[in-house]
Structure formats: structure tokens, C-alpha cells
Amino acid sequence: MAEIAMAINVANKLASILLPMMSVTRRMMVPLPEAESDGNDQEEKAKRDERMVENIMKAAEIHLVVAALLMTVTFTAGFTLPGGFESDTNSPNKGMPILLRRAAFRAFVILDVIAFTCSTAAVFAYFLMATKSISSARTELKAIIRLYNMAILLQLLAMTAVVIAFSTETTCYRARTSKSAGGDPIV
């Protein structure tokens, strides 16, 4: 029962964070350019498209740094699990995470994997954008905008998952270090 309550609590936290972010995300998105209407201003459209690609690539540089940092932090968190590992040489669970059976620990691991996967996909999307930006064709501009919007969504999802994962890690840590009536840590 406690695991179900914990899962519902995590889902409610996620929903309370994601719903307000949806309106913010829409404002961050870059709209696709409109279809060409007149052939007279091709040079003007080409210059505007070039400026648009430059602006997107400048923003993508900053986003790439954030995505790479998220990827690094979540990768490291996967190896330094909360609660530590069983180190008793006589235990059949030697080397296993101590908090393996706790719902908060499982939520942490799942959210950490989601954050790592999303930030890694965002990094690849930014790299793909860089290769597409070499060409100045209008179809490439549309591809760059789609990749940029996808990378923003992935990065926001990764950041949300990291925040929730580390709040569950704090819950795991408190559960591990809280004292029972006998003075022993609760495991």
C-alpha cells in the first residue's frame, strides 16, 4: 500500500510541475516559417532564414551545455545510489543497493534513467541541428526548427525528472538515516 501511495504522490508532483510548464514550453517553441507567397523577395527571405538559423544556433549552444551537464549528473547519480551498497561480506546481497526495496528508491532510479535518456537525446538533437545548419536550404531551416523544438521538450522533461528524482533521493536519504526506537538506522 505504501508503494502505491508513493507512486500516486510522485505522479501528482509530476503533474503539478508539468502542467504549468506546458504554457511556458509553447512560448519557447519556434514556429515553422510560413509558406512562400511571392517570388520577388527571395533574397529577403533567405536573409531572414539565415538570421533565424543563427539565433537558434546561439540558443542551442547554451542549451547544449545544460543538457550535457544534466547528462553528466544523472549518469553519476546512477552509480552513487542513495543509501549506498550492502558491504557485509557474509550477506547474500553483497554489492546490492541497501534501499532496493523502497518505493522512493525505485522512483529515484526510474526518474534518473528518464532524465539521462532525455538529456542524451537532447544532446544528439543539438548535434544533428549543427550538421543541418551547414546547409542554408529552406527545408533545412524547417528541420532545424523541428529538432530545436524537440530538444527543448526533451530537455524540459529531463530537468523535471531530475528535480523529482533528487527530491525522492532526499526521501531515501531521510529514510536511511532516521533513527528507530533502538537507535539503529531504518533500512
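**Entry 1: a loop residue to start**

I began with methionine 96, which sits in the loop between H2 and H3. This is a predicted model, so I treat each value here as computed from that prediction. Is methionine 96 buried, partly exposed or exposed? I looked up its relative accessibility and got 39%, so methionine 96 goes down as partly exposed. I then checked methionine 96 against glycine 84: the two are 12 residues apart in sequence, and their C-alpha atoms are 8.5 Å apart in space.

**Entry 2: the overall layout**

Next I stepped back to the fold. I count four helices in the chain and zero strands. Going along the sequence, I wrote the pattern down as α-α-α-α. The chain has 187 residues, and 33% of them are buried. For contacts with a separation of 6 or more, I find that 74% join residues 24 or more positions apart. I also noted the surface: the chain exposes about 11,600 Å², with 64% of that coming from carbon and sulfur atoms.

**Entry 3: the other loop**

I went to valine 30, in the loop between helix H1 (2-28) and H2. Its relative accessible area is 17%; the cut-off for buried is under 20%, so valine 30 counts as buried. What does valine 30 touch once its neighbours within four places in sequence are left aside? I find Met52, Ile56, Ile145, Tyr148 and Asn149 in contact with valine 30. I followed up on asparagine 149: 119 residues separate it from valine 30 in sequence, yet the C-alpha to C-alpha distance is 6.7 Å.

**Entry 4: serine 119**

I moved on to helix H3 (residues 103-132), where serine 119 is found. The relative accessible area of serine 119 is 1%, so I have it as buried. Where does the side chain of serine 119 go? It reaches the backbone oxygen of alanine 115 at 2.9 Å. I also find the serine 119 side chain reaching the backbone oxygen of phenylalanine 116, at 3.1 Å.

Then I listed the contacts of serine 119, without its neighbours within four places in sequence: Ala67, Leu70, Met71, Thr74 and Ala158. Helix H2 spans residues 42-79, and helix H4 spans residues 138-177, which I kept at hand for reading that list. I also took a C-alpha distance from serine 119 to leucine 154: 6.5 Å, for two residues 35 apart along the chain.

**Entry 5: two residues of H4**

I looked at glutamine 155 in helix H4. At 4% relative accessibility, I log glutamine 155 as buried. Which backbone oxygen lies 3.0 Å from a polar atom of the glutamine 155 side chain? I traced that oxygen to histidine 63. Not counting residues up to four places away in sequence, glutamine 155 touches His63, Val66, Ala67, Leu70, Ala122 and Tyr126. Ala67 and Leu70 were on my serine 119 list too.

Threonine 160 lies in H4 as well. I find threonine 160 buried, at 3% relative accessibility. From threonine 160 to alanine 115 the C-alpha separation is 7.9 Å, with the two positions 45 residues apart along the chain. Alanine 115 had already turned up as a partner of the serine 119 side chain.

**Entry 6: aromatics**

How many aromatic pairs does a search of the whole structure find? I get three. One of them is phenylalanine 75 with phenylalanine 79: the ring centres are 5.1 Å apart and the planes stand at 70°, so I call the pair edge-to-face. Both residues lie in helix H2, four residues apart, which is about one turn of the helix. I checked how covered they are. Phenylalanine 75 comes out partly exposed at 45% relative accessibility, and phenylalanine 79 is exposed at 56% relative accessible area. I also find Phe75, Phe79 and Phe116 grouped in one aromatic cluster. Phenylalanine 116 is familiar from Entry 4, where its backbone oxygen takes the serine 119 side chain at 3.1 Å.

**Entry 7: a surface patch**

Last, I looked for nonpolar surface. Ile62, Val66 and Met159 form a nonpolar patch, and together they have about 240 Å² of accessible area. I checked valine 66, whose place is in helix H2. At 31% relative accessibility, I put valine 66 down as partly exposed. Valine 66 is also among the residues that glutamine 155 touches, while glutamine 155 itself is buried.

How values were computed: Residues numbered from 1 in each chain as written. Predicted model: local features only at pLDDT ≥ 70, side-chain atom pairs only at ≥ 80, totals over all residues. Heavy atoms only, no water. Patch = residues over 30% accessible without salt bridge, like charges linked within 9 Å, V, L, I, M, F, W, Y side chains within 5 Å. Areas by Shrake-Rupley, 256 points an atom, 1.4 Å probe, with all protein chains shown as cover. Salt bridge = Lys/Arg side-chain N within 4 Å of Asp/Glu carboxyl O. Buried < 20%, exposed > 50% of the residue type's maximum accessible area, 1.4 Å probe, protein only. Contact = heavy atoms within 4.5 Å. Polar contact = N/O pair within 3.5 Å; in protein donor to acceptor, adjacent residues only side chain to side chain. Phe/Tyr/Trp six-rings, centres within 6.5 Å; stacked < 30°, edge-to-face > 60°.
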